[in-house]
Amino acid sequence: MVQDSIYTFCIGGNVFRLVPGCIGINSIAAMAVIVAVYAMVYSLRVRATLLLFVCGVALAIAQNVLRIGVIVAVSLISYDFAMGPVHVFCGYITFALAVFIVFLIGDKLKRRDFAIRAGLPARDC
């Protein structure tokens, strides 16, 4: 079944169609869930949770832009390869990278929260 495109563009003679399932909404939703679970497990304060949520959503959007950019760049070399394995695996790889960065940010926020709760200056964490 062919889905209707939200946006269609042409680069280097190759036609690309962005369809509803590929625009990144699933990445944003998954990142929001990951951030919520992370914040709950580590009992982050509301301020840290909101900051981590904003970072997570921004990284999910950046991850999707990077994914599309990689697919387009690879298509200039080989369209079939770009639409095959690169299209399939690039989203997983870039999403894993985004989650890793969110965990790094979350770790910094977690250390800061624990330091504040312990009465230590936040700049020492």
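Guide: Let's start with a word we'll need all the way: a helix here is a DSSP run of H or I that is at least four residues long, and helices are numbered from the N terminus. One more thing before we look around: this model is predicted.

Visitor: Okay, show me one. Which helix do K110 and D107 lie in, and how many residues apart are they?

Guide: K110 and D107 both lie in helix α3, three residues apart, which is about one turn of the helix.

Visitor: And what makes K110 and D107 a salt bridge?

Guide: Look at the gap. The closest N and O atoms of K110 and D107 are 3.3 Å apart. The cut-off between a side-chain nitrogen of Lys or Arg and a carboxyl oxygen of Asp or Glu is 4 Å, so a pair at 3.3 Å makes it.

Visitor: What about D107 and R111, how far apart are their closest N and O atoms?

Guide: They are 2.9 Å apart. That is within 4 Å as well, so D107 and R111 also form a salt bridge. This pair lies in helix α3 too, four residues apart, again about one turn of the helix.

Visitor: How many salt bridges does the structure hold, then?

Guide: Two. D107 takes part in one with K110 and in one with R111, which links D107, K110 and R111 in a network.

Visitor: Why is K110 called buried?

Guide: Buried means under 20% relative accessible area, and K110 has 14%, so K110 counts as buried.

Visitor: And D107, what is that called, and why?

Guide: D107 comes out at 24%. Partly exposed runs between the 20% cut-off for buried and the 50% cut-off for exposed, so D107 is partly exposed.

Visitor: Let's move to helix α1. Why is V33 called exposed?

Guide: Exposed needs over 50%, and V33 has a relative accessible area of 51%, so V33 gets the label. V33 sits in helix α1.

Visitor: And how do you know that A32 counts as partly exposed?

Guide: A32 is in helix α1 as well. Its relative accessibility is 23%, which lies between 20% and 50%, so A32 is partly exposed. I28, another residue in helix α1, has 24% and is therefore partly exposed too.

Visitor: Which residues make the nonpolar surface patch?

Guide: V33, V37, M40, V41, Y42 and F114, with a patch area of about 580 Å². Helix α1 gives the most to this patch, with four residues.

Visitor: What makes V33 accessible enough for a patch?

Guide: A patch residue needs over 30% relative accessible area, and V33 has 51%, so V33 clears that bar.

Visitor: Now for S43. What makes its phi worth a remark?

Guide: S43 has a positive phi of about 50°, although S43 is not a glycine. S43 is found in the loop between α1 and α2. With 41% relative accessibility, between 20% and 50%, S43 is therefore partly exposed.

Visitor: And A62, where is that, and why is it called partly exposed?

Guide: A62 is in helix α2. Its relative accessibility is 42%, which again falls between 20% and 50%, so A62 counts as partly exposed. In space, A62 and F95 are 9.7 Å apart, C-alpha to C-alpha, with their places 33 residues apart in sequence.

Visitor: Time for the pockets. How much space lies in the largest pocket?

Guide: About 320 Å³. Of the 15 residues that line the largest pocket, S27, Q63, R67, G91 and Y92 are the closest to its centre. The largest share of this lining, five residues, comes from α3.

Visitor: What makes up that lining by class?

Guide: Six nonpolar, eight polar and one charged residues. Glycine goes with the polar class, so G91 counts as polar.

Visitor: And what lines the second largest pocket?

Guide: That pocket has a volume of about 220 Å³. It is lined by 14 residues, among them F16, R17, L18, M83 and H87, which lie nearest its centre. β2, α2 and α3 each give two or more residues to the lining. By class, the lining has 11 nonpolar, one polar and two charged residues.

Key. Residues numbered from 1 in each chain as written. Predicted model: local features only at pLDDT ≥ 70, side-chain atom pairs only at ≥ 80, totals over all residues. Heavy atoms only, no water. Patch = residues over 30% accessible without salt bridge, like charges linked within 9 Å, V, L, I, M, F, W, Y side chains within 5 Å. Areas by Shrake-Rupley, 256 points an atom, 1.4 Å probe, with all protein chains shown as cover. Buried < 20%, exposed > 50% of the residue type's maximum accessible area, 1.4 Å probe, protein only. 1 Å grid on protein atoms, 1.4 Å probe; cavity = no way out; pocket = protein on both sides within 12 Å on 5 of 7 lines; lining within 4 Å. Points joined across faces, edges and corners; volume = space filled by probe spheres on them.
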